[in-house]
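Me: Before any term is applied to this protein, I should like each one justified. Please set the values against the criteria and conclude from them.

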Amino acid sequence: MPIVEARSISRTYRLGKVRVPVLRDMSITVNEGEWLAILGASGSGKSTLLHLLGGLDRPDKDNSKADSGVYFQDKPLAGKSRRELDRHRARDFGFVFQFYHLLPELTAMQNVTVASMVRYGFGYLGQKKQVREQATELLDHFGLADRMKHRPAELSGGERQRVAIARALVNNPRVLLADEPTGNLDRETGQGILDTISDLHRDRKQTIVMVTHDPLVAKRADRSLRLVDGVLDQSPSENAPMTPVLQD
Ligand SMILES: Nc1ncnc2c1ncn2[C@@H]1O[C@H](COP(=O)(O)OP(=O)(O)OP(=O)(O)O)[C@@H](O)[C@H]1O
Ligand SMILES: [Mg+2]
């Protein structure tokens with residue numbers, strides 16, 4: 001079943017008088033429970049697409065197509081106010097970024113719980129105990145039980161990324177959006193992060209959209225699509241299971 005869809009969206013950046021078309025009339029469907037990888041060269045628009053799917057950015061307004069836009073569970077994001085979009089993002093999505101984006105002054109634990117403060121706002125106080133339990137469980141699960149009070153500068157790259165994944169998961173998002181989650185790590189540490197993501201996918205049936213420029217990383221996903229010249233190459237990917245050809 002589709003959970004997130006983009007229907008005929010385009011995204012053009014404007015720098016002064018220069019128009020930079022990045023995505024051109026492209027569509028994509030993310031199914032519930034799948035791990036989808038989006039491959040593409042640097043500058044092909046992968047991050048742009050991920051931000052649009054997660055409601056961090058909006059596509060170009062296209063008046064020529066009535067149903068163009070991003071949909072979550074079949075409902076268009078286009079009509080939502082900024083506040084509604086913020087709420088949707090905090091509740092339904094977890095983001096993992098290439099450069100962690102952890103807050104340097106906060107401990108690992110605080111970096112995780114801050115995502116719940118964003119989600120619950122003033123209601124956070126009522127949720128605090130439960131959120132702390134959930135954060136402890138996640139950090140523990142990711143092997144960071146004795147790193148909870150460490151600040152990002154006191155953690156290794158792989159540990160920082162695991163804190164960032166715990167932060168992305170603390171609100172039990174419907175979809176995890178990961179932008180080059182291993183891009184800044186050595187191969188071995190990167191493999192460890194991919195194992196973590198793979199376990200999540202297997203054990204929690206977590207829906208994952210992962211952006212990468214590395215075909216070996218994309219191979220770990222159930223399905224991969226490639227962004228080329230602003231559109232997705234929809235031809236079957238190598239990691240799709242072979243369909244038997246029946247001959248009579
Ligand atoms: N805010 C912006 N204003 C203008 N141009 C932008 C902006 N953000 C991105 N671009 C341009 O859009 C194109 C796609 O950028 P994007 O970050 O989506 O690529 P990417 O595939 O994620 O690349 P990378 O693999 O290097 O992260 C690039 O050519 C970039 O220069
Ligand atoms: Mg990018």
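**Reasoning from value to term**

Reply: A starting point is Val-4, a residue placed in strand S1, which covers residues 2-15. The model is a predicted one.

Me: Is Val-4 buried or exposed, and how do you know?

Reply: The relative accessible area of Val-4 is 3%. Buried means under 20%, so Val-4 is called buried.

Me: Which residues does Val-4 touch, leaving out those up to four places away in sequence?

Reply: Val-4 touches Ile-28, Thr-29, Val-30, Leu-53, Val-70, Tyr-71, Phe-72, Phe-93 and Val-175. The term rests on heavy atoms within 4.5 Å. As for Leu-77, its C-alpha lies 10 Å from that of Val-4, with their positions 73 residues apart in sequence.

Me: Where does Glu-34 lie, and what makes Glu-34 buried or exposed?

Reply: Glu-34 belongs to the loop between strand S2 (18-31) and strand S3 (35-39). Its relative accessible area is 10%; the limit for buried is under 20%, and Glu-34 is therefore buried.

Me: What lies 2.9 Å from a polar atom of the side chain of Glu-34?

Reply: The backbone nitrogen of Asn-31 is at that distance from the side-chain polar atom of Glu-34. Beyond its neighbours within four places in sequence, Glu-34 is in contact with Thr-29, His-201, Gln-206, Thr-207, Ile-208, Asp-222 and Arg-223.

Me: His-201 appears among those partners of Glu-34. Is His-201 buried or exposed, and why?

Reply: His-201 is in helix H6, residues 187-204. With a relative accessible area of 14% against a limit of under 20%, His-201 counts as buried.

Me: Why is the pairing of the side chains of His-201 and Asp-222 called a polar contact?

Reply: The two side chains are joined at 3.0 Å. A polar contact requires a pair of N or O atoms within 3.5 Å, so the distance between His-201 and Asp-222 meets that cut-off. Apart from residues up to four places away in sequence, His-201 touches Gly-33, Glu-34, Trp-35, Gln-206, Ile-208 and Asp-222.

Me: Which residues of helix H2 are buried, and what covers them?

Reply: In H2 (residues 82-92), the buried residues are Leu-85, His-88, Arg-89, Ala-90 and Asp-92. Their cover includes strand S4 (69-72), strand S6 (93-96), helix H3 (108-120) and strand S7 (175-179).

Me: Which residues of H3 are buried, and what do they pack against?

Reply: Ala-108, Met-109, Asn-111, Val-112, Thr-113, Ala-115 and Ser-116 are the buried residues of H3. They pack against helix H4 (124-141) and helix H5 (157-169). Just after H3, Gly-121 has a positive phi of about 55°.

Me: How do you know whether the radius of gyration of the protein agrees with that of a compact globule?

Reply: For 248 residues, a compact globule would have a radius near 18 Å; the protein has 19 Å, and therefore the two agree. The C-alpha trace spans about 55 × 50 × 40 Å along the principal axes.

Me: How many helices and strands does the protein have, and what percentage of its residues count as buried?

Reply: The protein has seven helices and ten strands. Of its 248 residues, 46% count as buried. Among contacts with a separation of 6 or more, 71% come from residues 24 or more positions apart.

Note on methods: Residues numbered from 1 in each chain as written. Chains lettered and ligands numbered in written order. Predicted model: local features only at pLDDT ≥ 70, side-chain atom pairs only at ≥ 80, totals over all residues. Heavy atoms only, no water. Helix = DSSP H or I, 4+ residues; strand = E, 2+ residues; numbered from the N terminus. Rg over C-alpha atoms; globule rule 2.2 N^0.38 Å. Buried < 20%, exposed > 50% of the residue type's maximum accessible area, 1.4 Å probe, protein only. Polar contact = N/O pair within 3.5 Å; in protein donor to acceptor, adjacent residues only side chain to side chain.
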